[in-house]
Amino acid sequence: MATTTAPVQLESSVTEFLRIPRKMLIGGNWVEAVSGKTFESYDPSTGEVLARVAEGAGEDIDLAVKAARAAFEKGEWAKISPAQRGKLLWKLADLIDQHTEELAQLETLDNGKPIMTSRKGDIPAVSDMFRHYAGWTDKISGSTLPLSAPEPDKFFAYTRREPVGVVGQIIPWNYPLVMASWKLAPALASGCTVVLKPAEQTPLTALRLGELILEAGFPDGVVNIVPGFGETAGAALAAHPDVDKIAFTGSTEVGRLIAKAATANLKKVSLELGGKSPNVVFADADLERAIPGSAAAIFYNQGQSCTAGSRLFVQKSVFDRVIDGVAEQTKKFKLGPGIDPASNQGPVVSKEQLERVCGYLDSGRRDGAKAVVGGRKLDRPGYFVEPTVLVDVNPEMKVVREEIFGPVVTAIPFDSPDDVLSFANDTAYGLASAVWTRDISKAHQLAAKLKAGTVWINCYNVFDPVLPFGGYKQSGWGREMGFDAIELYTEVKSVCARI
């Protein structure tokens with residue numbers, strides 16, 4: 001497993017952005033925190049300070065909510081047409097495309113992911129999401145309804161779909177800008193106003209996006225961005241009495257706290273939470289695709305994906321071949337700073353996350369799991385851990401049952417489809433899953449029985465703005481993307497008139 005050290009030349013705009021302490025966006029203005037506090041954002045490839053950012057808390061959230069409420073009720077945003085909303089979203093998408101390299105560099109420096117992932121994957125996906133929802137703005141409609149009232153009573157009945165109001169959105173650190181777009185785009189298309197809290201580990205691209213939002217011409221207060229910590233800014237946003245809806249992506253543990261806080265005013269809640277996704281490889285699969293696909297399923301984004309294929313089930317007759325193949329794939333990885341274009345595996349996002357992953361590796365070893373490959377953190381600056389394949393595991397081990405959120409996969413052999421279905425569904429989560437087989441009938445039969453919001457067949461991690469995304473069980477409430485996301489940010493009103 002090679003390591004690399006030669007970074008790309010940073011754009012001057014990136015250097016300048018990092019040099020100046022970043023403020024928060026409230027009511028169309030860039031302001032300091034009320035407390036005057038700031039916090040540090042770190043480069044996970046070195047552990048060194050990358051930038052200083054205003055530290056929002058309850059008072060700042062309150063100001064942001066008031067600005068969002070004013071924009072929703074009284075401002076220009078309340079008066080513009082759906083078509084105008086669409087034009088603003090499209091213009092924002094164009095600006096994102098114009099600044100792809102700058103945004104990619106900021107995302108990679110702040111999160112650690114490989115620069116090619118940011119350039120070719122994340123940032124283009126962000127502009128695609130805004131364009132998708134730009135097309136929805138003038139298609140959010142109700143319907144007329146034939147009532148069953150007997151003559152001589154006659155009624156004209158119809159429904160309206162209206163924006164839910166002020167929305168609080170809390171986004172995670174693993175896909176900072178992508179997750180922001182998943183939430184902002186449908187909310188803005190629906191006519192809502194937003195208070196966005198980026199993850200404290202990765203606030204930078206959300207703040208740069210705020211600059212582009214203003215440049216695109218969105219009215220003041222429509223989007224407010226308050227960086228800060230979950231226990232202060234996030235908690236205040238979730239509990240705020242004048243927030244109509246909260247949207248959260250993150251851990252199941254924090255999701256429970258969000259849901260509890262939202263009960264004070266019974267605000268609407270959508271949650272995209274954790275996962276422990278089963279990736280099932282049958283003996284009749286095309287192994288030339290299934291092996292690299294299974295490696296990518298867990299090691300993409302350093303395993304820091306809620307959909308990561310972290311439980312690999314392989315039919316016994318091909319188990320050794322598949323596991324050896326996945327282990328061999330890791331030897332092709334070049335582990336190094338994400339800003340080095342030769343790296344295809346970066347660090348995990350933080351020291352805390354590194355300790356979490358290593359704690360699970362220690363737990364697996366104590367319980368008898370064996371690392372076919374990897375299993376150690378690297379003795380170098382930054383938060384690097386080797387991609388790891390664990391065998392000799394059983395369903396009672398923590399490494400099998402709990403979400404690690406790092407580059408660690410547990411591999412388990414199985415005999416029959418019935419056996420693997422039982423194993424696959426034996427989890428508190430239900431976010432994603434995959435089936436690799438040439439037998440398309442078997443694939444669809446298993447897909448119907450897997451308790452997961454997404455089932456990929458002979459592929460993994462395929463996302464598109466039209467595909468609804470969300471989880472069963474403790475993987476969350478609601479669906480993002482497609483029209484399902486519009487439903488998250490709208491209310492349905494019935495209107496009935498005697499005629």
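**Close-up views of a predicted model**

**View 1. A nonpolar patch on the surface is formed by Val462, Val466 and Leu467.** In this predicted model, the three residues of the patch together contribute about 250 Å² of accessible area. Leu467 belongs to the loop that runs between strand E20 (454–457) and strand E21 (476–477). Leu467 counts as partly exposed because its relative accessibility is 42%, a value that falls in between the cut-offs of 20% for buried and 50% for exposed.

**View 2. Three strands make up an open, antiparallel sheet in the order E6-E7-E22.** The edges of this sheet are strand E6 (144–145) and strand E22 (490–498), each of which pairs on one side only. Between E6 and strand E7 (residues 155–163) the pairing is antiparallel and comprises 2 bridges, and Leu145 has Ala157 in E7 as its bridge partner.

**View 3. Lys267 is a buried residue without a salt bridge.** Lys267 sits in the loop between helix H9 (252–262) and strand E12 (268–272). The nearest side chain of opposite charge is that of Asp244, at a distance of 8.5 Å, whereas a salt bridge would require a side-chain nitrogen of Lys or Arg within 4 Å of a carboxyl oxygen of Asp or Glu. The side chain of Lys267 does, however, make a polar contact of 2.9 Å with the side chain of Asn265.

**View 4. Strand E18 (residues 408–414) is largely enclosed by the rest of the structure, because 6 of its 7 residues are buried.** E18 pairs in the parallel sense with strand E14 (residues 311–315) over 5 bridges, and within this pairing Gln315 is matched with Phe414 of E18 as its bridge partner. Strand E17 (residues 388–391) also runs parallel to E18 and is joined to E18 by 3 bridges; here the bridge partner of Thr388 is Val408 in E18.

**View 5. Strand E13 (residues 278–281) is covered on both of its faces.** Pro278 and Val280 lie on one side of E13, Asn279 and Val281 lie on the other, and all of them are buried. E13 is paired in the parallel sense with E14 over 4 bridges, and the bridge partner of Pro278 in E14 is Arg311. This view can be read together with the preceding one, since E14 also pairs with E18 in the parallel sense.

How values were computed
Residues are numbered from 1 along each chain as its sequence is written. This is a predicted model: local features need pLDDT of at least 70, side-chain atom pairs count only at pLDDT 80 or more; totals for chains, interfaces and linings use all residues. Side-chain values use heavy atoms; hydrogens and water are left out. Patches are made of residues with over 30% relative accessible area and no salt bridge: like charges are joined within 9 Å, nonpolar side chains (Val, Leu, Ile, Met, Phe, Trp, Tyr) within 5 Å. Accessible areas come from the Shrake-Rupley method with a 1.4 Å probe; for residues, only the protein chains shown count as cover. Buried means under 20% relative accessible area, exposed over 50%, partly exposed in between (1.4 Å probe, protein chains only). Two strands pair if DSSP finds at least two bridges between them. Lys and Arg count as positive and Asp and Glu as negative; His and the chain ends are not counted. A polar contact is a pair of N or O atoms within 3.5 Å; within protein, one must be able to donate a hydrogen and the other to accept it, and residues adjacent in sequence count only if both atoms are side-chain atoms.
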